[in-house]
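The exercises below are meant to be worked through with the sequence and the 3D view side by side. Try each task before reading its solution.

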Amino acid sequence: MDFDILDNRMRHFEQSLDRTMLEGVYLVARLDGHGFTRLTKVEWDLEKPFDIKFRDAMVETTRHLMDCGFRMIYGYTQSDEISLLFHLDDNTFGRKERKLLSILSGVASAAFTKYTGILAFFDNRLVPLPNQECVVDYFRWRQEDAHRNSLNSHCYWALRKIGISASEAQKRLSGIPNSEKHEILLQNGINYNDLPLWQTRGVGMYYRTEQRHGFNPVTSEATSFTRNVLHINNDLPIGQEYSELIMTILKMANEEKI
């Protein structure tokens, strides 16, 4: 068979399910650790409920994803998940869904494995968002999920550490309001409001324009310049302040400052 005929025929099958993400629509990629329950409980002995080694591994993985060939303007990580906001004008690989899914999953898996020395995998999904308000709501949603999971995890392990069984701890926490969960923690010597913010709100990273100073050896003159620097924020705000932070990042991107 003529190769060109065979090539065209096979490419028709290969590309039959190809999809591209619409231009002019904000896009978030959300990656989740695959099988991380076993990894963190069996293969990697971590402090409960949060371990700074695991946080650092997720932050390092997110940092790699922010600079892996796509134009990312915000990265957010909590627990074993990462959310990445693309620049509205990013058109890498023609916004082909399969490329965005596979490359980001591959980079995340490789970065985490390299950093920890433990084989790990991430799955990935793409979330199209029609406007800036939905972008803000998305990241508010993920941060609220971080808060909910953090409160439940601290309560669960506080109960476990005083000898309550896993099933009984889950039963005791089921359906009770947050005020009662805070009281459980206080009774066990933990003020939830005093916990590190990265545990209760997650970690964000974004580019900031910073003024830098240098020296020109040719002219023997002091120089100054600006550059975009990736900032890792372990103390994210909440509520309206967090919304304003996301809107500021979007505004800077629109003004081509990042």
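**Exercise 1.** Are glutamate 81 and arginine 142 buried or exposed?

*Solution.* The model is a predicted one, and in it both glutamate 81 and arginine 142 are buried. For arginine 142 the step can be made explicit: a residue is called buried under 20% relative accessible area, and arginine 142 counts as buried because its relative accessibility is 5%. As background for the whole chain, buried residues make up 42% of its 258 residues.

**Exercise 2.** Find what joins the side chains of glutamate 81 and arginine 142, and state which elements are tied together by the pair.

*Solution.* Begin with a general point: side chains of opposite charge can pair when their charged atoms come close. The side chains of glutamate 81 and arginine 142 meet in a salt bridge, with 2.8 Å from N to O. Glutamate 81 belongs to strand S3 (residues 81–86) and arginine 142 to helix H5 (residues 132–161), so the pair ties together parts that lie 61 residues apart in sequence. This salt bridge can be set against the whole, since the structure holds eleven salt bridges and the secondary structure of the chain comes to nine helices and six strands.

**Exercise 3.** Follow the salt bridges of aspartate 145 and say which residues they join into one network.

*Solution.* First, aspartate 145 forms a salt bridge with arginine 142, in which the closest N and O atoms are 3.2 Å apart; these two residues both lie in helix H5, three residues apart, which is about one turn of the helix. Aspartate 145 counts as buried, because its relative accessibility is 12%. Next, arginine 148 forms a salt bridge with aspartate 145, the closest N and O atoms here being 2.6 Å apart. Arginine 148 and aspartate 145 are separated by about one helical turn, because they are three residues apart in helix H5. Arginine 148 counts as partly exposed, because its relative accessibility is 47%. Finally, salt bridges that share partners join Glu81, Arg142, Asp145 and Arg148 into one network.

**Exercise 4.** Which residues form a nonpolar patch on the surface, and in which helix is phenylalanine 13 found?

*Solution.* The patch is formed by Met1, Ile5, Leu6, Met10 and Phe13, which together have about 550 Å² of accessible area. Phenylalanine 13 is found in helix H1, which covers residues 3–14. For the chain as a whole, the exposed area is about 14,600 Å², and carbon and sulfur atoms supply 50% of it.

Methods:
Residues are numbered from 1 along each chain as its sequence is written. This is a predicted model: local features need pLDDT of at least 70, side-chain atom pairs count only at pLDDT 80 or more; totals for chains, interfaces and linings use all residues. Side-chain values use heavy atoms; hydrogens and water are left out. Helices (H or I, at least four residues) and strands (E, at least two) are DSSP runs, numbered from the N terminus. Buried means under 20% relative accessible area, exposed over 50%, partly exposed in between (1.4 Å probe, protein chains only). Accessible areas come from the Shrake-Rupley method with a 1.4 Å probe; for residues, only the protein chains shown count as cover. Patches are made of residues with over 30% relative accessible area and no salt bridge: like charges are joined within 9 Å, nonpolar side chains (Val, Leu, Ile, Met, Phe, Trp, Tyr) within 5 Å. A salt bridge is a side-chain nitrogen of Lys or Arg within 4 Å of a carboxyl oxygen of Asp or Glu.
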